[in-house]
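Thank you all for coming. I would like to take a few minutes to walk through one structure with you, beginning with a helix, then turning to the nonpolar cores and ending with the cysteines.

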Amino acid sequence: MSDERRAVVLGGGGVTGVAWEIGMIHGLAERGVDLSRADLFVGTSAGSVVSAQITAGVPLDQLYALELADTSGDRNARISRGVILRFAVAGLLPGARGRAWLGRAALRARTVPEAERRAAIASRVTSEVWPGARLRIPAVAAATGQVVVFDNDSGVPLVDAVAASCAVPLVWPPMTVAGTRYIDGGMRSIANVDLATGYGRVVVLAPANLSVRRSTRPSAQTAALAEGVRRICVQPSATALDAIGDNPLSPERRAAAAEAGHAQSAEAVDAVRAVWG
């Protein structure tokens with residue numbers, strides 16, 4: 001392990017999670033801590049969108065402005081209590097068994113067409129080509145519950161990997177990549193911090209800390225990184241949580257979430273800088 005290699009882990013959290021992460025990253029960069037220069041990005045669900053956008057070289061101020069723009073034409077969605085209950089049940093079942101139980105339910109569910117959902121992702125992730133920077137994007141095979149980590153060497157289009165990692169089961173359709181249908185990478189872990197193992201400086205931005213199992217929560221996974229790793233897990237403040245609201249899939253909350261992340265960066269910058277170096 002090199003003490004100087006730096007990893008950024010961006011967790012899931014819906015469209016408001018995308019906005020909060022972008023606001024936070026933009027605000028940190030304005031204060032001299034540029035996370036876009038990481039050696040590795042781990043992006044799960046919402047975090048995969050942000051990772052793909054940043055590594056494509058889209059200027060941070062442009063990404064931030066997009067989050068503040070009019071979202072009235074975006075599709076609204078909600079994770080119902082029934083869906084949350086199914087997530088909880090799946091989390092109580094062991095490993096791939098629980099993920100496959102949920103994945104098979106997702107395969108049966110009536111949602112929007114895959115093509116529509118892929119187009120929505122492609123409107124934000126405009127490149128099919130993987131970046132020069134290392135990028136890891138986890139997703140879960142719907143039928144088997146097996147976890148796949150797409151990366152620069154996987155040979156699949158970047159937008160397909162992101163769409164798979166963002167396929168919230170029972171809300172969005174499982175997405176097809178190379179003939180296999182996948183559900184959200186957050187079904188393994190909402191941030192998958194352990195995929196940054198081997199890097200000496202790890203900054204985790206986790207809009208959500210949800211998990212039935214404490215060991216897979218971003219804060220716990222960050223704490224479990226090897227001794228000697230400089231690490232920090234930043235999560236929304238109470239003020240940011242109020243701005244995000246109770247529906248992470250609501251585009252109407254994007255601007256408020258982005259502004260909250262940008263404001264919170266001022267509180268977090270010193271602690272992040274100490275890890276980032």
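To judge how straight a helix is, we need an expected span, which is 1.5 Å times one less than the number of residues in the helix. Please keep in mind that this is a predicted model. Helix α10 covers residues 254-276, and while a straight helix of 23 residues would span 33 Å, α10 spans only 27 Å between its end C-alpha atoms. Where does α10 bend? The bend, of about 60°, is at Ala 268, and the helix is followed by Gly 277, whose phi is positive, near 85°.

Let me move to the interior. The largest nonpolar core has 56 residues, of which Leu 35, Phe 150, Val 162, Leu 205 and Val 272 touch the most other members, and the helix we have just discussed, α10, supplies the largest share of this core, with eight residues. A second core, separate from that one, has 16 residues, including Ile 190, Val 193, Ala 206 and Ala 208. Leaving aside residues up to four places away in sequence, Phe 150 touches, among others, Trp 130, Arg 136, Val 177 and Tyr 182.

Finally, the cysteines: how many disulfides does the structure hold? It holds zero, and for Cys 166 the nearest cysteine sulfur, that of Cys 233, is 19 Å away. Those two sulfurs cannot be bonded because 19 Å is too far for a bond. As for their surroundings, Cys 166 is buried, with a relative accessible area of 6%, whereas Cys 233 is partly exposed, at 22%.

Key:
Residues are numbered from 1 along each chain as its sequence is written. This is a predicted model: local features need pLDDT of at least 70, side-chain atom pairs count only at pLDDT 80 or more; totals for chains, interfaces and linings use all residues. Side-chain values use heavy atoms; hydrogens and water are left out. A disulfide is a pair of cysteine sulfur atoms within 2.5 Å. Buried means under 20% relative accessible area, exposed over 50%, partly exposed in between (1.4 Å probe, protein chains only). Helices (H or I, at least four residues) and strands (E, at least two) are DSSP runs, numbered from the N terminus. The bend at a residue is the angle between axes fitted to the seven residues ending there and the seven starting there. A nonpolar core is a set of buried Ala, Val, Leu, Ile, Met, Phe, Trp, Tyr and Cys residues joined through side-chain atoms within 4.5 Å. Contact means heavy atoms within 4.5 Å.
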